[in-house]
Amino acid sequence: MRGVNAITFLVWAAPLVVRIQGQTTELQSCLSEAKNMKISLPTDDSYKNSSQPYNLRVSPAHGVIVYPNSVDDVSKVVLCAAQNKMTVSARSGGHSYAGYALSGDVVVDLSNLKNISVDSSGVAISQTGNLLGELAQSIWEQGQRALPHGTCPYVGTGGHALYGGFGLFSRTAGLLLDRVKAAEVVLANGSIVTASTTSNEDLFWALRGGGPSFGIVTSWTFNTLAAPATTVTYVINFASTLTEDDASQTFIIWQDFVRTLPNEMSMAVFFTSDGKGQMFTSFEGTYYGSEEQLKSILQALTASLPLNSTISTKTLGWLDGLVESDGNLNTNQPEKADTFYAKVIYGGAIASISSNATAFVHRNAFIVYQFYASTSNALPPFPDDGIMFVNNMVSAMQPNVTAAYANYIDPTLTETEWQSLYFGANIEKLKKIKAAIDPGNVFSFQQSIPV
């Protein structure tokens with residue numbers, strides 16, 4: 001395919017209307033009492049930089065970007081926007097594959113809300129301006145605690161938890177949303193409420209898997225876990241690239257093997273084309289136990305593979321294990337953007353939690369398949385045939401896709417498709433909660449829960 005970097009197979013936008021200047025003026029007037037709150041307008045010289053999405057394939061920004069300094073500021077912004085009939089979106093880390101964090105007439109950037117505290121019982125309260133790297137580092141330093149979450153330190157804790165949040169520790173500890181004890185939320189009328197199992201229960205159910213359609217979560221309360229004593233990271237590499245037949249055989253062997261994995265172990269397989277009809281292939285993951293136990297488990301896999309392979313392992317502490325798998329947790333430097341299209345599907349059928357216990361419906365998912373194609377230099381333009389190329393790969397594997405993960409959001413899906421694939425049978429309950437909490441559809445974007 002022209003212009004696209006070798007596609008990585010990881011198993012594990014419409015035009016927007018620019019609001020008239022009068023609405024922006026009214027919004028600024030309404031916000032005049034909020035001191036020292038930065039506002040970025042589309043007419044500002046700095047707007048191009050402040051509105052840049054992570055995925056340069058999309059260009060969703062068109063509205064005012066506001067940087068509140070407190071929860072009260074967030075409340076004021078939402079109320080002012082609603083009074084001026086402007087839609088609102090929240091940006092935590094800005095990693096939406098479709099750039100939906102930038103889709104509102106008013107974008108509430110939460111990067112100034114950074115408080116994190118951990119009490120003696122291991123309960124952590126983290127404002128949603130924190131990124132995953134910051135959260136992981138802080139809860140370790142405040143008590144050697146851990147949470148299950150994704151592997152990119154720059155991902156925001158807001159959207160990540162709202163749509164699920166899985167990573168290498170999730171087979172042991174579940175999704176990030178499963179560790180949520182409560183949420184502080186700013187609603188469409190500007191009120192600040194707590195959602196939990198005993199307060200605003202419907203809202204609490206919807207927030208855990210239903211996404212940012214119901215309000216702006218300004219902080220999460222997490223039940224953290226004691227960090228595992230050791231993390232063994234491993235990589236299985238082949239001595240050479242694999243032919244398509246060998247790669248197919250390897251994948252089938254892997255699918256059978258991972259069904260026998262203990263919960264303490266994660267494993268991803270990466271297939272990356274070399275552009276010449278062969279595949280670079282590797283197995284990577286973590287094990288929360290001893291290196292001897294890990295090698296014993298892996299022997300059955302390596303013995304059945306079509307070509308010779310080597311196993312590299314490292315035994316590390318929890319934090320060093322995160323750095324090994326995720327990279328540097330420090331997010332002080334700007335993140336490099338990418339230009340890509342990705343698609344994800346679920347497979348398998350092993351359940352541990354009921355599909356209606358939270359809004360996250362895919363409790364029976366066993367394997368996650370991600371297809372990710374980016375340009376060779378990570379810069380635009382993305383080739384015209386790129387989306388079709390990825391979609392055809394998905395169709396070749398599973399012609400009738402039945403489930404997808406909203407944190408890998410796909411803007412090419414129709415309304416019927418994304419509602420079914422992301423939320424399944426839970427969509428009707430989500431619609432009822434949306435109508436009750438946000439009847440004016442203030443928190444609206446291309447794939448928000450409809451009123």
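**Exercise 1. The disulfide**

Determine the handedness of the disulfide formed by Cys30 and Cys80 in this predicted model, and state which helices the pair ties together.

*Solution.* The torsion about the S-S bond of Cys30 and Cys80 is about -75°, and the disulfide is therefore left-handed. In general, a disulfide is a covalent bond between the sulfur atoms of two cysteines. The cut-off applied here is a pair of cysteine sulfur atoms within 2.5 Å, and the sulfur atoms of Cys30 and Cys80 lie 2.0 Å apart; by this rule the count comes to 1 disulfide. Cys30 belongs to helix α1 (residues 21–30) and Cys80 to helix α3, so the bond ties together parts that are 50 residues apart in sequence. As to solvent exposure, Cys30 is buried, with a relative accessible area of 16%, and Cys80 is buried as well, at 1%, whereas Cys152, at 26% relative accessibility, counts as partly exposed.

**Exercise 2. The five-stranded sheet**

Work out the strand order of the open sheet of 5 strands, and identify which strands stand at its edges.

*Solution.* The order is β6-β7-β11-β9-β10, with antiparallel pairing. β6 (116–118) and β10 each have a single partner strand and stand at the edges, so one side of each is left without a neighbour in the sheet. From one strand to the next the twist averages 15°.

The pairings can then be followed one by one. Strand β6 is joined to β7 (residues 123–127) by 3 bridges in the antiparallel sense, and Ile116 has Ser126 in β7 as its bridge partner. Between β9 and β11 there are 6 bridges, again antiparallel, with Val186 bridged to Ile216 of β11. β9 and β10 pair over 4 bridges, also antiparallel, and Glu184 finds its bridge partner in Thr194 of β10. The hairpin of β9 and β10 has 5 residues between the strands, and in this hairpin Gly190 takes a positive phi near 85°.

**Exercise 3. Helices across the sheet**

Establish which strands α3 lies across and which strands α7 lies across, and decide whether β9 is largely enclosed or left open.

*Solution.* Helix α3 lies across β7, β9 (180–186), β10 and β11 (216–223), and runs at about 50° to β9. Helix α7 lies across β9, β10 and β11, with an angle of about 100° to β9. Of the 7 residues of β9, 5 are buried, so this strand is largely enclosed by the rest of the structure.

**Exercise 4. Helix α4 and its partner α10**

Describe the buried residues of α4 and what covers them, then classify the packing of α4 and α10 from the angle between their axes.

*Solution.* In helix α4 (residues 132–141), the buried residues are Leu132, Gly133, Leu135, Ala136, Ser138 and Ile139. The elements that cover them include β6, β7, β8 (145–146), α5 (157–163), β11 and α10 (318–326).

For the packing, the axes of α4 and α10 come within 10 Å and cross at roughly 170°. Angles over 145 degrees count as roughly antiparallel, and α4 and α10 are therefore roughly antiparallel to each other. Their crossing is left-handed. At the contact, Ala136, Gln137 and Trp140 in α4 meet Trp318, Leu319 and Leu322 in α10. After α4 comes Gly143, whose phi is positive, near 155°.

**Exercise 5. Unusual backbone geometry**

Locate Lys85 and Asn200, giving the phi of each, and find the residues joined by a cis peptide bond.

*Solution.* The background is that most residues other than glycine have a negative phi, and most peptide bonds are trans. Lys85 has a positive phi, near 55°, and its place is in the loop between α3 (71–83) and β4 (88–91); with a relative accessible area of 69%, Lys85 is exposed. Asn200 likewise has a positive phi, near 50°, and lies in the loop between β10 (192–195) and α7 (201–210); at 35% relative accessibility, Asn200 counts as partly exposed. The cis peptide bond joins Pro380 and Pro381, with omega about 5°, and Pro381 is found in the loop between β19 (367–374) and α11 (386–397).

Conventions. Residues numbered from 1 in each chain as written. Predicted model: local features only at pLDDT ≥ 70, side-chain atom pairs only at ≥ 80, totals over all residues. Heavy atoms only, no water. Helix = DSSP H or I, 4+ residues; strand = E, 2+ residues; numbered from the N terminus. Buried < 20%, exposed > 50% of the residue type's maximum accessible area, 1.4 Å probe, protein only. Pairing = 2+ DSSP bridges. Axes fitted to C-alpha atoms, helices over the stretch in contact; angles between N-to-C directions. Contact = heavy atoms within 4.5 Å. Parallel < 35°, antiparallel > 145°, perpendicular 65-115°, else oblique. Left-handed = near helix turned anticlockwise from the far one by under 90°.
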